[in-house]
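Please read these notes with the sequence and the model open beside them. They go point by point, and each term is explained where it comes up.

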Amino acid sequence: MSDTVIAWLRTVVPGAWAALITGLMGLGAPAYLTDALGNATNLVVLPIVLGVVYPLLRKIEANLPDWLTHILLGSAQPPTYLGKHETP
């Protein structure tokens, strides 16, 4: 898999997990927490959840088996980034 695909997966998959968590939270959250935000609840909560989920997954990644890392981050292999003056 190319580094571009790996980087894309490792961005999109945690975002999907954050969206799922946000949706589940919206289903079970008490009205007094969600009424104030109205229809903007998911727009406000999703970035907050993503801001927690992604760093947490990256922090625990080294302790996870590859199969679980694939599920949570999309790839067990982090992409490699070349320096500004390096060529592939």
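1. Some terms come before the residues. A residue is called buried when its relative accessible area is under 20%, exposed when that area is over 50%, and partly exposed in between, using a 1.4 Å probe and protein chains only. By that rule arginine 58 is partly exposed, because its relative accessibility is 40%.

2. A word on the source. This is a predicted model, in which local features need pLDDT of at least 70 and side-chain atom pairs count only at pLDDT 80 or more, while totals for chains, interfaces and linings use all residues. Residues are numbered from 1 along each chain as its sequence is written, and side-chain values use heavy atoms, with hydrogens and water left out.

3. Start with arginine 10. This residue lies in helix α1, residues 3-28; helices here are DSSP runs (H or I, at least four residues; strands are E, at least two), numbered from the N terminus. Is arginine 10 buried or exposed? Arginine 10 is buried, because its relative accessibility is 3%. Contact means heavy atoms within 4.5 Å. Leaving aside neighbours within four places in sequence, the contacts of arginine 10 include Tyr54, Leu73, Ser75, Gln77, Pro78 and Pro79.

4. Now the charged pairs. Side chains of opposite charge can pair when their charged atoms come close. A salt bridge is counted when a side-chain nitrogen of Lys or Arg is within 4 Å of a carboxyl oxygen of Asp or Glu. How many salt bridges does this rule give? The count is 2. In one of them, arginine 10 pairs with glutamate 61, with 2.9 Å between the closest N and O atoms. This pair links distant parts of the chain, since arginine 10 is in helix α1 and glutamate 61 is in the loop between α3 and α4, 51 residues apart.

5. Glutamate 61 deserves its own point. Its side chain also meets that of arginine 58 in a salt bridge, at 3.3 Å from N to O. Arg10, Arg58 and Glu61 are thus members of one network of salt bridges. Glutamate 61 has 13% relative accessibility and therefore counts as buried. Both partners in the pair of arginine 10 and glutamate 61 are buried.

6. Next, the packing of two helices. Helix α1 and helix α4 (residues 66-73) pack at an angle of about 75 degrees, and their axes are 7 Å apart. The residues in contact are Leu9, Arg10, Val13, Pro14 and Trp17 on α1, and Thr69, Ile71, Leu72 and Leu73 on α4. Axes are lines fitted to C-alpha atoms, for helices over the stretch in contact, and angles run from 0 to 180 degrees between N-to-C directions. Angles under 35 degrees count as roughly parallel, over 145 as roughly antiparallel, 65 to 115 as roughly perpendicular, and the rest as oblique. The two helices α1 and α4 are therefore roughly perpendicular to each other.

7. Threonine 69 sits in helix α4. This threonine is buried because its relative accessibility is 2%. Apart from residues up to four places away in sequence, threonine 69 touches Arg10, Glu61, Leu64, Gly74, Ser75 and Ala76.

8. Alanine 76 lies in the segment after α4. Its relative accessible area is 24%, so alanine 76 is partly exposed. Outside its neighbours within four places in sequence, alanine 76 is in contact with Arg10, Glu61, Asp66, Thr69 and His70. Its C-alpha atom is 9.0 Å from that of isoleucine 6, although the two residues are 70 apart along the chain.

9. Helix α3 supplies a buried residue and an exposed one. Valine 53 is in α3 and counts as buried because its relative accessibility is 12%. Valine 53 touches Pro14 and Ile21, not counting residues up to four places away in sequence. Leucine 43 is also in α3, residues 41-60, but counts as exposed because its relative accessibility is 69%.

10. Last, the surface. Which residues form a nonpolar patch there? They are Leu37, Leu43, Val44, Ile48 and Val52, with about 470 Å² of accessible area together. Patches are made of residues with over 30% relative accessible area and no salt bridge; like charges are joined within 9 Å, and nonpolar side chains (Val, Leu, Ile, Met, Phe, Trp, Tyr) within 5 Å. Accessible areas come from the Shrake-Rupley method with a 1.4 Å probe, and for residues only the protein chains shown count as cover.
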